[in-house]
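The following exercises are meant to be worked through with the sequence and the coordinates side by side. Each task is followed by a solution that proceeds step by step.

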Amino acid sequence: MSESGEISEFGYIMELLARGKVTIKNIERELICPACKELFTHPLILPCQHSICHKCVKELLLMLDDSFNDVGSDNSSQSSPRLRLPSPSMDKIDRISRPGWKRNSLTPRTTTFPCPGCEHDVDLGERGINGLFRNFTLETIVERYRQAARAATAIMCDLCKPPPQESTKSCMDCSASYCNECFKIYHPWGTVKAQHEYVGPTTNFRPKILMCPEHETERINMYCELCRRPVCHLCKLGGNHSNHRVTTMSSAYKTLKEKLSKDIDYLIGKESQVKSQISELNLLMKETECNGERAKEDAVTHFEKLFEILEERKSSVLKAIDASKKLRLDKFQTQMEEYQGLLENNGLVGYAQEVLKETDQSCFVQTAKQLHVRIQKATESLKSFRPAAQTSFEDYVVNTSKQTELLGELSFFSSGVDVPEINEEQSKVYNNALINWHHPEKDKADSYILEYRKVNRDEEMLSWNEIEVCGTSKVISDLESNCDYAFRVRAYKGSICSPSSRELVLHTPPAPVFSFLFDEKCGYNNEHLLLNLKRDHVESRAGFNLLLAAERIQVGYYTSLDYIIGDVGITKGKHFWAFRVEPYSYLVKAGVASSDKLQEWLRSPRDTVSPRYEQDSGHDSGSEDTCFDSSQPFTLVTIGMKKFFIPKSPTSSNEPENRVLPMPTSIGVLLDYDKGKVAFYDMDHMKCLYERQVDCSHTMYPAFALMGSGGIQLEESITAKYLEYQENM
């Protein structure tokens, strides 16, 4: 579409808006970038047809690249795409924009990110940002809006000496603004510059001709009806659109303009209906506000009744405790007074001492008989001392467990809306958290509220974070590493919600997730190993070769380990990744290895010697075990026959029964490069199975080895599912 064509289209739209008495300020919400929440700057059109600032796309890609793939970062930046993003360095921006930046470079490339407008994942493909079209029409509208907003602020001449004069013209070819004098100087009559296109003062300069992002020297002159995007003739002849149906740009322009004009005319013609619906919405808002206040008053009344009951029960319980305490203290006081009487010159003993002074025998006998009985009782009490009462109040502990559970489930009347149940088997946490739930009455629920919070047992309870979800699954990002998170969900039908489901607690990985694929070049043995197209699953197929090599019955054959490594190395920071070993696997080794150790192992594929097995005998040489006290440039654990074998250690029992564990469904590896430590985890319970020091003086790589039949599947990163976008053209 030419410049004049787009300007005329814009003028037509603005004329329709003016007829409807709509000022440009009323469309401000359409001119705000969903990522930075500011007016669009050089907006790009994403595959989902939403627009986003050029700079924001780069920052989103850099943020995700640093979170999952950047080996030079210690901790991932997991800010929400809806928040303002920090400005990246220019070298990183150039790295993202530069075509031909391959995954096998030191830092992998991220081309998939969630659209801030619809939250669906969009894939930019091999060309990345360079494959996106610039939304010139939106850019022009934003510039008109800026001009309307700063009508009192003049655009100054770019060529004047200080102080600059107010500009009167802007040259679209020179991308500069001029005052009258400077324009005459730099665009003299009789020169090529005199033929430049000039407009009123503006800061929005755009190319006259829209060029193809795939073929940068070709003009856009066709429209692909299948992909809904402009293309050039090379795209149609031998590019990605060769088998697609295309139409001329003029035909597409006419068709789309007619549809847009009819839709705008229809909306403007329904102005009275829109106004009446706005009035109805205002009434509904007022009614909602009144009903909400009434509901709050009713809720306060119910809670005050509960408070009254609790205060009454509290008062009665405290009175019972005080009465029991007073009775026990009185008994102790009486017993203490009796014992004080046993002291010399006090009480009973003092009285007996005075009786002994009586010289009249008849009077002494008369008094001493009863006194002697009391003395005997006091003596027996002294020999078998027993407190008069108990000090423990165990019988007075208030049991509120049932009441606490009931109060925790306190909610509104469900009115038939069943409680959803979180599916623990399908819910998991890796780089993000994926929560799935089941609702018995799925068709009766309009939406769901998923709540989550970090569980901190040492501090007070944290508040719940809420997310509204239309489906029955949700991916949660921005979770901290090595933390417990509780999740629960409730269903909504209109304004009525169900009680919350039972909480599901998941533990996040101990470090940011490290993203990599299997390397198909470095040491990869395609005769024994089979790698899928996605490079996230490898399978050993050495069994048939073993039979061919040992076809004579008296000839033995030694099978060495077949190694395969990750395509990205680690030079700093703390990283975590996970994988699954197929249950039928005979022997698999997994862990980390330094670049120099890998060169030693992979120097000659046919003579490769494993770190545990000698080439001459094929038996376990114990090379790992003999040097477990020193830090080695590699660490590999053995997995096979549905077992996980813990290597020998000087600090723990080395008995076979203590070193053999059931094989976890998924195994995690944590590498702390800076501290020189590697650990292996059971992903199901996020429990550390084995940890040891490792020499990280060189670049470290995820390393795997297979012997016999077996398979390894890398854990797939959790991202939002790709959805089909409905394009209402």
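**Exercise 1: the span of helix 8**

Task: compare the expected span of helix 8, residues 271-340, with the distance between its end C-alpha atoms, bearing in mind that this is a predicted model.

Solution: Helix 8 has 70 residues, and at 1.5 Å a residue these should span 104 Å. The end C-alpha atoms of helix 8 are 99 Å apart, which agrees with that expectation.

**Exercise 2: burial along helix 8**

Task: which residues of helix 8 are buried?

Solution: Taking under 20% relative accessible area as the cut-off, one finds that the buried residues of helix 8 are Ser324, Arg328 and Gln335.

**Exercise 3: an open sheet**

Task: establish the strand order of the open sheet of six strands, and then identify its edge strands.

Solution: The order is 23-32-25-26-27-28, and the pairing is antiparallel. The edges are formed by strand 23 (562-565) and strand 28 (660-662), each of which pairs on one side only. On average, neighbouring strands of this sheet are turned by 25° against each other, direction ignored. Strand 26 and strand 27 (residues 643-645) run antiparallel and are joined by three bridges; glycine 640 has lysine 643, in strand 27, as its bridge partner.

**Exercise 4: the surroundings of threonine 635**

Task: is threonine 635 buried or exposed, and which residues does threonine 635 touch?

Solution: Threonine 635 belongs to strand 26 (residues 634-640). Its relative accessible area is 4%, so threonine 635 is buried. Leaving aside residues up to four places away in sequence, threonine 635 touches Ala590, Gly591, Val592, Val678, Phe680, Tyr690, Arg692, Gln693 and Val694.

Terms used:
Residues numbered from 1 in each chain as written. Predicted model: local features only at pLDDT ≥ 70, side-chain atom pairs only at ≥ 80, totals over all residues. Heavy atoms only, no water. Helix = DSSP H or I, 4+ residues; strand = E, 2+ residues; numbered from the N terminus. Expected span 1.5 Å × (residues − 1). Buried < 20%, exposed > 50% of the residue type's maximum accessible area, 1.4 Å probe, protein only. Contact = heavy atoms within 4.5 Å. Pairing = 2+ DSSP bridges. Axes fitted to C-alpha atoms, helices over the stretch in contact; angles between N-to-C directions.
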